[in-house]
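Okay, thanks for coming, everyone. I'll put one structure up and we'll walk through it together.

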Amino acid sequence: MFRTLAKATAAIAVVCTAAGAGLALDEGRAGAATPTAGAATRTASSAGASSAGSAFTGSDFTGSDFTGTRKIRVDGHSVNVSCAGRAHRGRPLVMLMAGGGEGLDNMAALQKSLSRTNRVCSYDRLGEGASDQPAAGTLQTMDDTGALLTGVLDRLAGDRPVVLAGHSLGGYIAARYAPGHTDRVKGLVLLDATIPHLTRDMKATIPADATGVPAQVRDGAIAVNEGQNPEQFVIADGPVRSAGHIPVEILKHESQYAEVPEYGPALEKMWAGGQREWQRISTRSSLTTAKGSGHYIHTDRPDLALKAVQKVAHRAAHQH
């Protein structure tokens with residue numbers, strides 16, 4: 001239902017994909033960074049494993065010694081992960097976090113570019129990609145998805161520092177997670193992250209008596225935030241908590257709401273305001289508009305996404 005609705009307008013794509021429904025104006029575009037040959041996307045069999053779908057537990061799996069895609073067990077769940085690049089002493093692991101409705105393949109091109117100078121991994125959250133589905137009839141909260149991320153990082157990063165780089169819903173989760181895990185998370189990159197108060201701001205921007213596409217945008221975003229998304233994840237409004245002084249790069253889209261002319265300017269103002277809210281997460285945060293970009297900054301302006309992650313990773317490696 002959501003993907004059919006998404007074809008109507010780019011505005012629905014940015015609001016609802018950002019909120020976690022996995023909408024995309026062009027379904028092919030959501031997979032623009034699909035796997036190709038290269039270290040970031042090789043299967044486990046090419047990396048020496050028995051099969052891409054095998055699960056690794058205990059001593060038979062070390063997160064720092066494989067390239068490709070594998071399944072690991074985290075709290076009883078099968079989680080699909082992908083890693084590439086060499087670990088360098090003193091440098092953090094970069095963990096890429098895709099948007100709602102997206103598998104880790106969506107960020108494969110960025111992972112491949114980063115892997116030339118960084119150890120970089122990505123994973124499918126429950127309900128996404130090749131990972132397990134969440135339990136039927138249950139809703140996931142930030143505590144649930146945060147616990148899964150902790151388990152993934154335990155396996156892939158060990159005691160190494162981590163930089164989280166998330167797009168859309170992945171950015172929202174990264175930003176909510178980082179303040180409570182500053183012992184491990186030493187940097188953050190938010191690529192048009194879902195804004196901190198999307199439900200509140202959407203209700204204030206598009207009135208309840210709106211009709212047509214604006215009504216679909218409003219009602220779709222609210223429904224998605226309540227858990228009607230592939231992850232069954234409740235995307236709760238809430239204040240931005242501080243992660244202290246970690247380096248944070250925030251990139252926002254330049255233009256996305258042209259197809260909703262009646263509310264387009266107001267929606268852009270809403271989104272920009274939410275990105276400014278995220279700046280409160282650190283005293284060392286920077287907000288940049290990605291010129292020429294829509295919601296998928298890492299595919300529209302891969303140069304800017306790459307630069308932002310490299311910058312934060314460098315700062316995280318050298319901060320005192």
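I'll start with the overall picture, then go through the disulfide, the cores, the open and closed spaces, and one loop residue.

First thing to keep in mind: this is a predicted model. The protein has 320 residues, and buried ones make up 57% of them. On the secondary structure side, we've got 11 helices and 9 strands. And if you take contacts between residues at least 6 apart in sequence, 75% of those join residues at least 24 apart.

Okay, the disulfide. Searching the whole structure turns up 1 of them. The partners are C83 and C121, with 2.0 Å from S to S. Where do C83 and C121 sit in the chain? C83 is in strand β3, which is residues 77-84, and C121 is in strand β5, residues 120-123, so the pair links distant parts of the chain, 38 residues apart. For those of you who care about torsions, the one about the S-S bond of C83 and C121 is about 110°, so we call this disulfide right-handed. Is C83 buried or exposed? It's buried, because its relative accessible area is 0%, under the 20% cut-off. C121 is buried too, also with a relative accessible area of 0%.

Now the cores. The largest nonpolar core has 41 residues, and the ones with the most contacts inside it are M95, Y123, L156, L164 and L188. Which helix gives the most to this core? That would be helix α6, residues 169-177, with 6 residues. Let me stay on L188 for a second. Leaving aside its neighbours within four places in sequence, L188 is in contact with a whole list of residues, including V163, L164, A174, A175 and A178, as well as I246, P247, V248 and E249, and then I281 and V312. There's also a second, separate core of 20 residues, with V94, V120, I297 and A305 among them.

On to the spaces. The largest pocket holds about 160 Å³. Its lining is D75, H77, L126, P134, A135, T138, L139, Q140, D144, A147 and L148. By type, that lining splits into 6 nonpolar, 3 polar and 2 charged residues. Helix α5, residues 142-156, supplies the largest share of the lining, 3 residues.

Then there's the closed kind of space. How many cavities of 30 Å³ or more do we get? The count is 1. The largest cavity has a volume of about 30 Å³. Around that cavity you'll find R125, L126, Q140, T145, L148, E231 and F233, which break down as 3 nonpolar, 2 polar and 2 charged. If some of those names sound familiar, L126, Q140 and L148 line the largest pocket and they line the largest cavity as well.

Last stop is V234. You'll find V234 in the loop between α8, residues 212-225, and β8, residues 247-253. V234 counts as partly exposed because its relative accessibility is 28%, between the 20% and 50% cut-offs. What does V234 touch, leaving aside its neighbours within four places in sequence? The contacts are L139, Q140, N225, E226 and G227. L139 and Q140 take us back to the lining of the largest pocket. And one distance to finish: V234 and A223 are 11 residues apart in sequence and 9.6 Å apart in space, going C-alpha to C-alpha.

Right, that's my tour, over to you.

Terms used:
Residues numbered from 1 in each chain as written. Predicted model: local features only at pLDDT ≥ 70, side-chain atom pairs only at ≥ 80, totals over all residues. Heavy atoms only, no water. 1 Å grid on protein atoms, 1.4 Å probe; cavity = no way out; pocket = protein on both sides within 12 Å on 5 of 7 lines; lining within 4 Å. Points joined across faces, edges and corners; volume = space filled by probe spheres on them. Helix = DSSP H or I, 4+ residues; strand = E, 2+ residues; numbered from the N terminus. Nonpolar A, V, L, I, M, F, W, Y, C, P; charged D, E, K, R; others polar. Disulfide = S-S within 2.5 Å. Buried < 20%, exposed > 50% of the residue type's maximum accessible area, 1.4 Å probe, protein only. Core = buried A, V, L, I, M, F, W, Y, C linked by side-chain atoms within 4.5 Å. Contact = heavy atoms within 4.5 Å.
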